[in-house]
Amino acid sequence: MSEQVEEDIRKIETGIPGFDHVSMGGVPVNRLTLISGTAGSAKTVFACQYLAAGIEQFDESGVFVTFEETPDDIRKNMASFGWDIRRWEADGKWLFVDASPDPLHETNVLRHFDFGALIARIEHALGRISATRLAIDSIGAVLNRFADSAAVRHELFRIGRALRELGVTPILTAERGGDHGPISRFGIEEFVADNVVIFRNVLEEEARRRTVEILKYRGTNHRKGEFPFTISCDEGVVIIPLSAIELRQRSSSTRMESGNDGLDQMCGGGFFRDSVVLVSGATGTGKTLMVTEFLGGGAQRGEKCLLFALEESRQQLFRNAKGWGADFAEMERSGLLKVICEYPESASLEDHLLHIKRLISEYRPDRIAVDSLSALARISTLKGFREFVIALTSFVKHEEVAALLTSTTPSLMGGSSVTEAHISSITDSIVLLRYVEMQGEMHRGIAVLKMRGSNHDKQIREFAIDSGGMQIGAPFRSVTGILSGQPVHIEPSTNQRLDEMFEPVPTD
């Protein structure tokens, strides 16, 4: 019986990036969908985008009923997303029903409001352009005019019944007092609507994070939980559902050079072609040098490389690379390198993700590097940061791009790192860089902690940095506690010293 009901409820695609995946097909046809959220949560943008996507992607006309902003304000505000509402109006694809208040006239629609007259105007507008989509923004402006909750409930049922009879697929926006707590201002709207979608714009740890949640989809299924989204200047609302990530990426057995011969030997012959490598270490241990060698090695083999630098300027990166023997300027001139330098605070984490994905799709690199993830972690919550890393790594794997991501440990001697933020399991390989104090001198150590699908060197090796880059040497023999950030020098025993001085005599 439930399967039959599911089949009878048809959905139409909204065309809004990510929402059709979260809603498992779009919004149910001829059923009232309530979009509830606080001020600034993107309700009006979503309502306009619902009509705009219908026109641009599916050749479906739409009617927009406005109770607050004037049509002219909406035209101007939505033009920033590239939506030419005036042209659509001229083409008979978009029609406004203006119920916005006019404070200069006593006879405005809100002071003498009649829902019957409004429904007649909507019906006329729908028939005039043969519209199949309807957006009403926002019902709260009208409901404020009614004296009690009983009247509000009566009028809401009246609206819902009338809209169903019109044979369109409507969405209705409504305000709520906070991002958590009551779903709507009057506490009635969510019970009248068939479907309820909540938009949030929560302030967490001094950073705003937008999410969308489908609370109710009467008679049909949807994906559960909150999903992050952003507002893109050229796309509008873009939802980033982690549930869209599928573990179907192909795995390559082809090796690629890291750009450093010593590291390739430690990794059993280099990284895999489609691997995601995390390099973790304190500031100054050589993370950016590893990025430079990784990109330089790719360029030497004619591979296109993309670098997202979030802590150093372009001039500083190019100067340092030159000192290590890599000419970033020449690599750019030859079309083998693109460098993007941005401060993390310049955009939200979701905006950074969309920017990275867009550049990868346009530039089509063979290798990418992000230096560093720790810079992005400071503008987000731990949950949001983990979702970002999951989305990024899954995308580069799907695109079969090799990625090297760096992370800075909070302590100079190592110890706890970003791997404790539960992203170590997401990456294919982990390379640790550490400072090691030995008898009053500071040394550097490197270790391959993990490498999926391959054997690797289990030893912690000393390395030096000179004009030729990273020079990896012999393992540390008399030091323990390096990875924990508490290196301890151990004096060798007499037998060990003798073994090191004399080679054993071969026996027959």
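In this predicted model, 5 bridges join strand β3 (residues 33–37) to strand β7 (residues 169–175), and the two strands run parallel. Within this pairing, I35 of β3 stands opposite T173 in β7. Strand β3 is also joined by 5 bridges to strand β8 (residues 195–204), again in a parallel arrangement. Here L34 is the residue to look for, as it stands opposite V196 in β8.

The surroundings of β3 can be considered next. The strand is mostly covered, with 5 of its 5 residues buried. This cover extends to both faces of β3. On one side lie T33, I35 and G37, while L34 and S36 lie on the other, and all of them are buried. Thus I35, the partner of T173 in β7, and L34, the partner of V196 in β8, belong to opposite faces of the strand.

Attention now turns to helix α16, which comprises residues 382–398. The end C-alpha atoms of α16 are 24 Å apart, in agreement with the expected span: at 1.5 Å a residue, its 17 residues should span 24 Å. Helix α16 is mostly covered as well, since 12 of its 17 residues are buried. Near the start of the list of buried positions are G384 and F385, followed by E387, F388 and V389. The buried set continues with A391, L392, T393, S394, F395, V396 and K397. Among these buried residues of α16 are E387 and K397 as well as F385, F388 and F395. Just after the helix, E400 takes a positive phi of about 55°.

Note on methods: Residues are numbered from 1 along each chain as its sequence is written. This is a predicted model: local features need pLDDT of at least 70, side-chain atom pairs count only at pLDDT 80 or more; totals for chains, interfaces and linings use all residues. Side-chain values use heavy atoms; hydrogens and water are left out. Helices (H or I, at least four residues) and strands (E, at least two) are DSSP runs, numbered from the N terminus. The expected span of a helix is 1.5 Å times one less than its number of residues. Buried means under 20% relative accessible area, exposed over 50%, partly exposed in between (1.4 Å probe, protein chains only). Two strands pair if DSSP finds at least two bridges between them.
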